[in-house]
Every structure is written in structure tokens, then in C-alpha cells.
Amino acid sequence: MCGIVGYFGEEDAIKHVMEGLRRLEYRGYDSAGISYHDAKQKDLLVFKETGRLDNLARLLPPDESRVAIGHTRWATHGRVTKANAHPHVSHDGRFIVVHNGIIENHKALAGTYLEDVPRRSATDTEIIADLLGSFVGDGDVLTALRRVLGLLEGSYALLVMDREHPGTIYAAKRKSPLLVGRKGRETIIASDMTALCAVAAEYTALTDGSIVTIDEEGLSLHDHEGELVRPEFVPVDKAYAETDKGVFDHYMLKEIHEQPAVLRRIIDQYCEDEESRIPKDVAAMFQGIERLHILAAGTSMHAGLVGKVLFEKLARIPTEVHIASEFAHHPPLLAEGSLFLLISQSGETADLRSSLEIIKERGFPSLILTNVKTSTLAREADAYLEIFAGPEIAVASTKAYTAQIAVLAVLAHAVGEGGISLRKEVALAAQAIENHLQDRHIYADLVDRHLKKPQAFYIGRGLDHAVAREAALKLKEISYIHTEGFAAGELKHGTIALIEDQVPVIAIVTEEKTAAHTRSAIAEVESRGADVVVIAMAHVAEEGDHIIIDTINPLLTPLVSVIPAQLIAYHAALARGKDIDKPRNLAKSVTVE
Ligand code: M6R
């Protein structure tokens with residue numbers, strides 16, 4: 001999704017903003033722009049371009065500046081064009097704005113306040129610049145900005161520069177994240193910790209409704225009531241500064257390989273020998289609840305499907321899993337005694353934020369599992385648990401999925417009756433992943449032989465079905481092969497009509513109880529010409545199976561059975577020459593509904 005960076009300080013602002021934008025590339029974008037104060041020309045210059053940041057970099061003269069703002073855009077309103085890229089300049093040329101989020105009432109505002117002002121772009125952002133230009137008159141910028149913000153419906157994190165005060169940056173936010181970092185006399189503002197931490201030693205996360213002004217005098221923060229308040233800075237987590245690929249060609253591959261270490265980190269954090277170290281207030285939230293509702297999107301929702309089994313089996317708590325974007329608009333009947341468990345790698349997913357509003361309105365408690373403890377959802381939910389996956393850069397989520405499942409297992413175990421040595425079982429899963437990663441060399445050939453068609457299916461039962469759905473998402477999102485994940489027994493109720501010669505069907509078989517049934521489904525598709533690949537756990541493996549993974553605790557099998565699926569997706573995308581870490585149309589953190 002869109003990214004914002006602003007810099008004010010003694011070093012070159014253009015360099016820092018461009019570097020910050022590069023660090024935000026992983027979020028997904030289709031155009032970029034920058035504005036900076038050019039001391040020689042005594043003006044604010046604006047440059048923008050479609051496509052990659054390199055296209056923008058090529059446009060920039062060899063200037064240096066002390067103050068700059070920049071943006072990477074992921075199109076929501078209007079096509080990918082230079083005119084729609086940010087920054088946007090007000091109709092009178094005075095104000096320059098970059099914006100993340102969506103202004104829902106932009107058309108109504110244009111009709112009411114800007115009837116005579118021609119639209120120069122198809123974006124919702126231009127309206128913010130234009131309203132500022134129209135409202136400021138002879139008055140001060142802060143007053144005009146407050147008036148504009150008071151009219152906006154939707155979400156925003158924005159930075160504003162003013163040609164009449166070219167050494168000042170204004171920043172404001174509602175619903176979209178915005179962090180202000182500093183080190184000595186340098187200030188950097190960004191929508192994401194990754195962009196901030198290369199410069200800042202400490203940071204503060206702005207709250208909704210606050211406005212920050214940064215200039216020669218320093219930084220001043222006004223809260224949502226317009227009161228001048230003292231910002232509280234906390235140290236930056238330097239883990240976010242380390243964003244290189246190491247020895248790997250892609251972040252996705254690096255992150256796949258990090259999974260054993262992540263699982264070990266989780267058990268070190270949350271299990272002291274056999275004792276749980278889940279915070280007491282979090283465990284207390286589960287006391288006496290009648291029903292657990294898990295809410296999430298995409299891969300996190302797939303982790304939630306595994307979570308349902310874990311909570312029902314380990315803690316005997318009836319659990320439902322909801323797609324956040326559905327829940328936000330069609331919440332089901334909710335009974336007293338419900339607890340809401342949100343799962344989000346980024347902690348910024350807009351569908352979850354809308355769902356959380358409903359949960360709060362109705363007075364239900366909420367807990368979020370997230371990888372980003374500084375995220376909006378971590379602040380807005382009643383409590384959070386960190387999944388300790390470390391920064392996940394590739395758009396395709398891998399280590400966050402296994403980390404989410406491991407933390408769900410630890411949590412379900414902690415609030416349930418125990419019974420298994422979770423520390424040992426998760427450690428065995430980590431070892432099994434490590435063992436399988438030694439076999440990585442088989443995948444290029446396997447993909448070459450079996451994934452020739454533009455469509456594919458994953459099938460499985462029980463937890464294998466949950467993994468089949470995640471496996472299908474992984475394959476489709478980075479290789480663009482149309483893939484669906486099905487319950488193995490459901491194929492014959494319709495989808496089997498799509499099976500013809502050479503269509504790949506990848507079966508996941510880890511569950512002893514249903515292995516024979518899944519083998520029957522395999523036979524059914526094979527007899528209709530499907531090209532079957534079997535991923536089997538050692539204890540249920542048969543002669544001729546293509547991928548064998550070590551046997552681990554039956555409740556934790558997704559931790560290991562997803563690894564072949566991640567590697568298949570990676571190698572299929574590699575063989576097709578796709579942009580593995582930044583697949584088309586996708587964003588790492590989906591901050592709009
Ligand atoms: O940050 P979140 O976990 O809330 O994100 C949810 C989905 O957008 C995310 O899992 C998405 O499906 C991934 N690209 C899948 O790899």
C-alpha cells in the first residue's frame with residue numbers, strides 16, 4: 001500500500017526520503033514522488049513518476065535539501081498515471097500534499113467547496129490540497145488544516161508543505177499509521193517503522209486527530225483537541241533496520257529459511273520449561289468465555305483456521321473463524337461471553353480495523369496477535385501478543401503464518417488443560433522444517449515436471465485442508481497460476497469437472513485417520529488424467545509419494561506441511577520469471593478496505 005516519508009534535518013533530506021521510500025517498496029506501489037525545498041531556487045520542487053523508484057530517481061537533479069516529503073502510491077482512486085501520483089499540489093500552487101488512506105467524501109467536498117476548481121487528477125487526495133488552498137486565505141496554515149481535517153471522512157496519514165513556509169512540514173493522521181522519529185536535530189516521519197529506523201534513534205506513534213509541525217524551532221504536537229502536548233518517544237526497534245536479503249536471492253526464500261529460528265524464538269519467549277509465559281492478563285481474557293471468534297484476512301485467516309482446531313482440541317473452547325472484510329459489514333449474531341482474537345501480521349489491515357470498531361461498539365473484549373507491536377491494531381485492541389517473526393518483507397507471507405500458528409498453539413495450550421509438552425513439540429516441528437529445507441534442491445525439477453498448466457489444485461482433509469487453502473493462495477499470488485485449495489472430499493461434488501489431462505492436483509496427507517480417504521480422492525482425480533503430486537508425512541507416506549516430511553505432533557502438522565507449498569510457490573514463480581517479492585497488484589499491508 002502507499003508509503004509516506006518526510007525528513008527535516010542537517011543531512012540531505014532528498015537522500016533520506018528516497019532511502020526511506022526504498023525501504024517501503026516491499027509494501028507494494030505503482031508510482032512515486034517527492035517534493036523538497038530548493039534553497040537556490042527558493043522554491044519547493046515537485047517530481048513524480050510512474051513505475052519503480054528508479055524512474056523517479058532518474059528525474060531528480062543533483063540537489064541537496066534539508067526538508068523533503070515523499071510518497072509511494074498504490075492506486076485506489078484513478079489509474080497509474082503521473083497526474084495521479086503524489087505529491088499533489090493545490091489549485092493555487094501553494095500547498096503540496098502526500099497522503100495514505102482514502103477520503104470517502106471527496107466528491108461531495110469537491111461539489112460543496114470547490115465547484116469552480118477543475119480537477120487535475122482522479123485521486124481523492126487532491127481535494128485535501130485544494131481545500132487548504134481555498135480555506136487558508138490570510139489566516140494561518142494550522143487553522144486551515146484543522147478545518148480541512150474536520151471535513152474529511154475516511155482515513156488519512158498526510159504530510160503537507162507550504163510554499164509560503166518552505167522550511168516546515170505539517171503531519172496529521174486518522175486511522176492510517178504515522179510515526180515520527182528523531183535523532184539529535186534530525187526528524188523523520190514515516191508510515192512504517194522500516195522507513196524510520198535507518199535514521200531515528202527514538203520514535204513516537206501519532207494518535208488519531210493529532211497534528212505535528214516540524215520546523216527550525218523543532219517539533220510541536222497538538223492532540224485531537226488542539227492542545228499542545230509533549231510527545232513521548234520510545235527507542236526504535238533496530239530489528240527493522242536489518243532488511244537485507246543476506247545470502248538469498250529473494251526475501252521470500254530468506255523468510256522461508258528463517259522459520260525454524262522463529263519457532264524456537266517463540267517457545268523461548270512463551271514457554272519456560274513446561275510453564276506458560278503468556279502474560280496473565282491475556283490468559284485471564286479466556287476465563288469463562290463461551291465462544292472464541294477469530295478474525296483475520298488472507299494468510300492470517302488461514303492461520304486462524306488452524307487456530308480453531310487448536311482452541312477446540314487443546315482448550316475445549318468453541319471457535320469460529322471470520323473473514324474480516326465480511327465481518328466488518330455482516331457481523332453474525334453475537335452472544336454474551338464472546339472473546340475476539342484478531343490475527344494480523346502487519347497490525348494495519350483496514351478490514352480488521354473496521355471489524356474492531358464493531359467489536360468495541362458492542363462491548364466485547366479483543367486481543368490481537370501481531371508481528372508489529374507498534375502497529376495501530378496493537379494499540380487499538382484491548383491486548384496484544386507479539387508473534388516474534390521479525391520483519392517480513394516479501395508480500396507473500398511465510399514465516400508470519402507459521403509464527404501465528406505457533407503462538408496460537410502456545411496460547412490454546414496455556415488457557416487449556418495442557419497435556420502435551422508444547423515446548424518439545426514445537427521444537428520438533430522446527431527441526432522437521434530444518435530437515436526438509438535440506439531437500440530444497442528437488443523443487444526446481446518438481447515444478448518443471450508438474451506445474452505446466454495455468455491452473456492447479458491443492459487438496460487435503462482437516463488440518464491438511466486448512467493448509468491446502470494457504471498453499472493455494474501462496475501459489476496463485478506469486479506465480480499467477482490459478483490455484484484453489486479444496487477439502488479432498490468436496491472435489492467430487494462439482495470441482496472434479498475441471499480435472500482434465502495434466503491438471504496438477506497437489507494432495508497433502510498428514511492425518512492418519514483420513515489418509516485412506518484422501519488417497520481415494522487422489523485415485524479419482526488420477527483416473528481423470530490429473531497430474532498428482534503427494535506431500536505426505538512420513539507415518540502415512542506410501543511408495544511413489546513425491547515429498548515426504550518428518551512426522552510431528554498431529555495438532556501441529558501445518559507448521560511443517562506448509563513448507564513444501566511455500567517452496568513450490570517460490571520455484572513456480574522463479575521458473576516463470578515473476579517478481580517474487582513484489583507480485584503484481586498486491587501490497588504487503590492492506591490499509592484500505
Ligand atoms: O497483515 P495481515 O496479516 O493482516 O495481512 C493479511 C493479508 O493481507 C495477507 O496475509 C495476505 O493474504 C498475504 N499477501 C498472503 O501472502
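**Two strands and their neighbours**

Good morning. In this predicted model, strand β20, helix α12 (residues 350-361) and strand β21 together form a right-handed β-α-β unit. I shall begin with that unit and then turn to strand β2.

Strand β20 spans residues 338-344, and 7 of its 7 residues are buried. In a regular strand, side chains alternate between the two faces of the sheet. Here, S338, F340, L342 and S344 point one way from β20, while L339, L341 and I343 point the other way. Are these residues buried or exposed? On both sides, all are buried.

Which strands pair with β20? One is β18, residues 291-296, which pairs with β20 in the parallel sense over 5 bridges. Within that pairing, R291 has S338 of β20 as its bridge partner. Another is β21, residues 366-370, also parallel to β20 and joined by 5 bridges. There, S344 is partnered by T370 in β21.

I now move to strand β2, residues 31-38. Of its 8 residues, 7 are buried, so the strand is mostly covered under the cut-off of 20% relative accessible area.

Strand β2 runs antiparallel to β3, residues 43-50, and 8 bridges join the two. At one position, S31 stands opposite T50 in β3. The hairpin of β2 and β3 has 4 residues between the strands, and in it K42 takes a positive phi near 50°.

Strand β2 also pairs with β4, residues 67-73, in the antiparallel sense over 6 bridges. In that pairing, A32 has T72 of β4 as its bridge partner.

To close, the pairings of β20 described here are parallel, whereas those of β2 are antiparallel. Thank you.

Note on methods
Residues are numbered from 1 along each chain as its sequence is written. This is a predicted model: local features need pLDDT of at least 70, side-chain atom pairs count only at pLDDT 80 or more; totals for chains, interfaces and linings use all residues. Side-chain values use heavy atoms; hydrogens and water are left out. Buried means under 20% relative accessible area, exposed over 50%, partly exposed in between (1.4 Å probe, protein chains only). Two strands pair if DSSP finds at least two bridges between them. A crossover is right-handed if, with the strands pointing away from the viewer, the path from the first strand over the helix to the second runs clockwise.
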